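Me: I'm new to this one and would like to go through it with you. Mind if I keep asking how you know things?

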Amino acid sequence: MKLLLVHPYFLELDISERAVMRPYPPLGLLYLSAYVKEHCDWDVRVFDGTFQTPVDFSELVASWKPDMIGFYANMITRHHVLELVACCPSGAFLVVGGPDVRHYAEQYVQAGLDVAVIGEGELVLRRIMEGFGDWSQLAETEGIVFSDPETKAVISRPAPKPTTDLANFPMPDRAAIELNLYLDCWQLHHGIRPISLITSRGCPYQCTWCAHHVFGYSLRKRPVEDVIAEMEWLHANYQFDHYWFADDVFTIQPKWNHALYQALATRPHLIKPFECISRADRLSDETIQDLVGLGCRKVWVGAESGSQRLLNEMKRGVTREQVKASVSALRHSGIETGMFLMWGFGDEGVRDVRDTVDMVTQCKPDQALTTVAYPIKGTPYFESLASKGDIEAAPFLDGNERSMKIQGQRSAATYRWASDWMQASLSAAKSQTTLHRVLRRIKSRYCQWRFEWAWRSDPCTESQRSASATRKLSD
Ligand code: B12
Ligand code: SF4
């Protein structure tokens, strides 16, 4: 029997990613590949679309003739899944999994997928493979949604509890894809060769916009020795010079980071610069010292907003003072800092935007990245907007949550002025010369003025404008 696991993501077709060129290998599928190779006597291959085209997929399917095809779906790859399904031979059994599936399982099944898998994939995929060809056995598999072959009714089986011990899962099967294409791409565009790895699953925090659709709210860390073994294997098999720890919150368990630090002290050849993401409240002085010892180059802090009122509304669980303190502590330890910020959340007004610009200016991070808030279906943020009638039904076939119109949000152009204002203000704060500082301040004032003008004239809904903007502008 043959299984083809598919990453339906095509860099060539992604204009915004081509502007930044930071491609990321499909770790989830590589975990699945490693696991089912260990447990099922099937021939398993991975089609990674990143450096290929949909035509390459069609040719592979036509020549290799897989019995089962398993697609990875997130909100961005969703429409490719549906396009590729149309190219699959009618005999192939089609499965879909990934973060997009939990709240759209029925739609995937109606769109032609035989089975949609909810949550962590390893055990469920194994069960599907073991029950392959026998619907009565398959139909009992936990964690799947499917259409009953006779009645056509969509049936949903609750997802099993995630595995408690991540040591049960072998490390990702990177040999199944051309990882060197990623390394070469990074080398060409950024001058470094980073390899991504992940040391945990799940996040217990409750930030209202964040999707917990795969791993839920409980945290599981991999054993330190497993991570070391993975690093050793990477060291022996690839020419790379950075790690990219893709954990939701890399320093969530400070003891774990300290144990990694101690384990690496006797293996200096494994210490390489790396980037990771964390939260302001998980960056104590001790943790930062461990990060320094581990070779950390840059920490991205999810700061989101300089408005404490909005941070509370997001259930972020941090204060803006903690954000400022953590960015400052990282900088003083010699670690580069990046901040993630979000515009357009809740009833954000001009004053909240100003608070964010002020906070970033005071923090002086090396980089500050902004996004406009978007509601992922199934998150508390989505549910709250939906219950107030502030969004229309989430699109499935046409667009995704990023293209949804949210009542009260301004246009992308308005938020671009806010970002320009923030960047100019940050640049002025970091200026080395008076002339540069003065020029940047002028730019900052100009962008602020353009932002406030755009805010007033932006065609956001009238009800929102009267209820919120008038109040905020008079602040
Ligand atoms: C690293 C990361 C990125 C990287 C790489 C993205 C990528 N292509 O994987 C970057 C920074 C590029 C990125 C970008 C984005 N990301 Co991102 N990202 C992550 C992060 C932190 C880790 C991904 C990972 O490696 N997970 C580990 C593996 C093991 O998990 P997994 O991939 O989910 O796979 C498991 C299951 O899903 C399942 N499974 C997966 N595929 C299949 C297939 C089959 C057949 C089966 C049976 C099972 C199955 O089994 C796997 C093993 O258990 C996750 C959060 C998280 N912790 O997962 C967010 C996350 C996936 N990202 C998210 C989002 C929203 C985005 C963006 C849309 C953000 C944006 N503003 O544009 C973009 C989309 C980019 C793109 N082209 O896909 C959301 C997805 C929500 C959704 N419903 O789609 C997540 C869940 C974050 C969140 N909590 O909200 N992201
Ligand atoms: S945004 Fe980060 S800290 Fe908050 S719930 Fe999501 S992963 Fe956890």
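Reply: Sure, here is a chat about the two domains and the two ligands.
This is a predicted model, where local features need pLDDT of at least 70, side-chain atom pairs count only at pLDDT 80 or more, and totals for chains, interfaces and linings use all residues. Residues are numbered from 1 along each chain as its sequence is written, and chains are lettered from A and ligands numbered from 1 in the order in which they are written.

Me: How do you know where domain 1 and domain 2 begin and end?
Reply: The bounds come from an automatic or database domain assignment, which gives domain 1 as 2-156 and domain 2 as 192-388. Their C-alpha centres lie 29 Å apart.

Me: What makes a residue part of the contact between them?
Reply: Its C-beta atom, placed from the backbone, must lie within 7 Å of one across the contact. Nine residues from domain 1 and 10 residues from domain 2 take part.

Me: Why is ligand 1 said to lie between the domains?
Reply: Both domain 1 and domain 2 give residues to its shell, so ligand 1 lies between them. A residue counts as near if its C-beta atom, placed from the backbone, lies within 6 Å. For ligand 1, 36 residues surround it, Gly 28 and Asn 74 being among the closest.

Me: What makes Cys 203 part of the surroundings of ligand 2?
Reply: That 6 Å limit again: Cys 203 is among the residues around ligand 2, as are Asp 248 and Arg 279.

Note on methods. Two residues are in contact if their C-beta atoms, placed from the backbone, lie within 7 Å.
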